[in-house]
Protein chains: 2
Amino acid sequence: MQSLQQKASEWSGVATQDAFGIDETNLFQQLGLQPFINLSTSFYTRVYDDEEEWFRSIFANSKKEDAIQNQYEFFVQRMGGPPLYSQRKGHPALIGRHRPFPVTHRAAERWLYHMQQALDNSRDIDAESKVKMKNFFRHTAFFLVAGDELKNPNHGISPKPGASKPAAA
Amino acid sequence: MQSLQQKASEWSGVATQDAFGIDETNLFQQLGLQPFINLSTSFYTRVYDDEEEWFRSIFANSKKEDAIQNQYEFFVQRMGGPPLYSQRKGHPALIGRHRPFPVTHRAAERWLYHMQQALDNSRDIDAESKVKMKNFFRHTAFFLVAGDELKNPNHGISPKPGASKPAAA
């Protein structure tokens, strides 16, 4: 059976060494806190305004400001800054915490579409850091698709067409 | 509903700020790589020799040397060192990766029993670091028990017989 990492690389098209290019330099030291807050604010503003209701609805039970804080605290922690996320919420446990949500291939692509827009419009993140972050996000999104398929006893079989709405949590 | 973090603190008896006392100093810089390798080797030597078959059997499908490497690479990464684990296997995704295993209250206590023994017998980890690591391990073990209960559609209902502590739903 393919590992989570192998599936993530195959589906995302991002090799593992590129996915973790974020670890080559300390992006938090380089950028500071504010660009991360701005990025997550920009990202979730797009998500909560998404014209695609099936995607927007995935986030319907979370407050936008909580979603923003959860995300930038995780990014800061993972990219070399203080462990803000763990101090408040514990281990990131990315697969476990995404369990209530339908993390399909299609949802991953929609997430990445908004993040790409947010990054492209960011003025306080340099071009090289943007490339590293895009690779990390793309690989991670498909890592979570692979993780999501662990929920399905038939995992290994292609995703269901109707898997676009949140499962009962 | 209680959060994972709240359950982890209640069941472990370790407050969040103590659990992440490992982040107050860079333990990897302080200790170096070898003490982590030694600790995981000592831990898994105990686990694979456990007289309690129910616990030993949880690890029966993993090679001891793989279990050792997975563990010390994660510890190194989480405690301030290079992201050895992610570079090889992707995100730690602690809850997702423990999904195949029965992470019960009883299993957490047995895991902690062996880790306590391994730490008590370690000569290359100072006493203060041992305290920080014990708090981190204890809190994390029960965080994973809380994560394990997400698998159970009846989670929130009291744990099965054999669980050693009451759940507070």
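Helices here are DSSP runs of H or I with at least four residues, numbered from the N terminus. The exercises below concern a predicted model.

**Exercise 1. Describe the secondary structure of chain A: how many helices and strands does it have, and in what pattern?**

Step 1. The count for chain A is 10 helices and 0 strands.
Step 2. Along the sequence, the elements of chain A therefore read α-α-α-α-α-α-α-α-α-α.

**Exercise 2. State what share of chain A is buried, and describe its contacts and surface.**

Step 1. Chain A has 169 residues, and 50% of them count as buried.
Step 2. Take the contacts in chain A between residues at least 6 apart in sequence: 72% of these join residues at least 24 apart.
Step 3. Chain A has an accessible surface of about 8,200 Å², and carbon and sulfur atoms account for 50% of that area.

**Exercise 3. Find how chain A and chain B are related by rotation and shift.**

Step 1. In general, a rotation about an axis and a shift along it relate two copies of a chain.
Step 2. Here chain A is superposed on chain B by a rotation of 180° with 0.0 Å of shift along the axis, at an RMSD of 0.0 Å.
Step 3. The two copies are thus related as by a two-fold rotation axis.
Step 4. Within chain A, the C-alpha nearest the axis belongs to Ala93(A), at 2.2 Å from it.
Step 5. Both copies use the same surface, since 96% of the contact residues of chain A recur in chain B.

**Exercise 4. Check the length of helix α9 of chain B against its expected span, then say which of its residues are buried and what covers them.**

Step 1. Helix α9 of chain B covers residues 105–120, which is 16 residues.
Step 2. The expected span is 1.5 Å times one less than the number of residues, so α9 of chain B should span 22 Å.
Step 3. The end C-alpha atoms of this helix are 22 Å apart, which agrees.
Step 4. The buried residues of α9(B) are His105(B), Ala107(B), Ala108(B), Arg110(B), Trp111(B), Leu112(B), His114(B), Met115(B), Ala118(B) and Leu119(B).
Step 5. Their cover includes α1 (4–12), α4 (34–48), α5 (53–56), α6 (64–78) and α10 (127–149) of chain B.

**Exercise 5. Arg110(A) forms a salt bridge with Asp50(A). Where do the two residues lie, and are they buried or exposed?**

Step 1. The closest N and O atoms of Arg110(A) and Asp50(A) are 2.8 Å apart, and the cut-off for a salt bridge is within 4 Å.
Step 2. Arg110(A) sits in helix α9 (residues 105–120) of chain A, while Asp50(A) is in the loop between α4 (34–48) and α5 (53–56), 60 residues apart.
Step 3. Both Arg110(A) and Asp50(A) are buried, as each has under 20% relative accessible area.

**Exercise 6. Examine the salt bridges Lys134(A)–Asp120(A) and Glu109(B)–Arg138(B): which helices do they join?**

Step 1. In the pair Lys134(A) and Asp120(A), the closest N and O atoms are 2.9 Å apart.
Step 2. Lys134(A) is in helix α10 (residues 127–148) of chain A and Asp120(A) in helix α9 of chain A, so the pair ties together parts 14 residues apart in sequence.
Step 3. Lys134(A) counts as partly exposed at 24% relative accessibility, and Asp120(A) counts as partly exposed at 45%.
Step 4. Glu109(B) and Arg138(B) meet in a salt bridge of 3.1 Å, N to O.
Step 5. Glu109(B) is in helix α9 of chain B and Arg138(B) in helix α10 of chain B, so this pair ties together parts 29 residues apart in sequence.
Step 6. Glu109(B) is partly exposed, at 27%, and Arg138(B) is partly exposed, at 22%.

How values were computed
Residues numbered from 1 in each chain as written. Chains lettered and ligands numbered in written order. Predicted model: local features only at pLDDT ≥ 70, side-chain atom pairs only at ≥ 80, totals over all residues. Heavy atoms only, no water. Least-squares fit on C-alpha atoms with pLDDT ≥ 70 in both. Contact = heavy atoms within 4.5 Å. Buried < 20%, exposed > 50% of the residue type's maximum accessible area, 1.4 Å probe, protein only. Areas by Shrake-Rupley, 256 points an atom, 1.4 Å probe, with all protein chains shown as cover. Salt bridge = Lys/Arg side-chain N within 4 Å of Asp/Glu carboxyl O.
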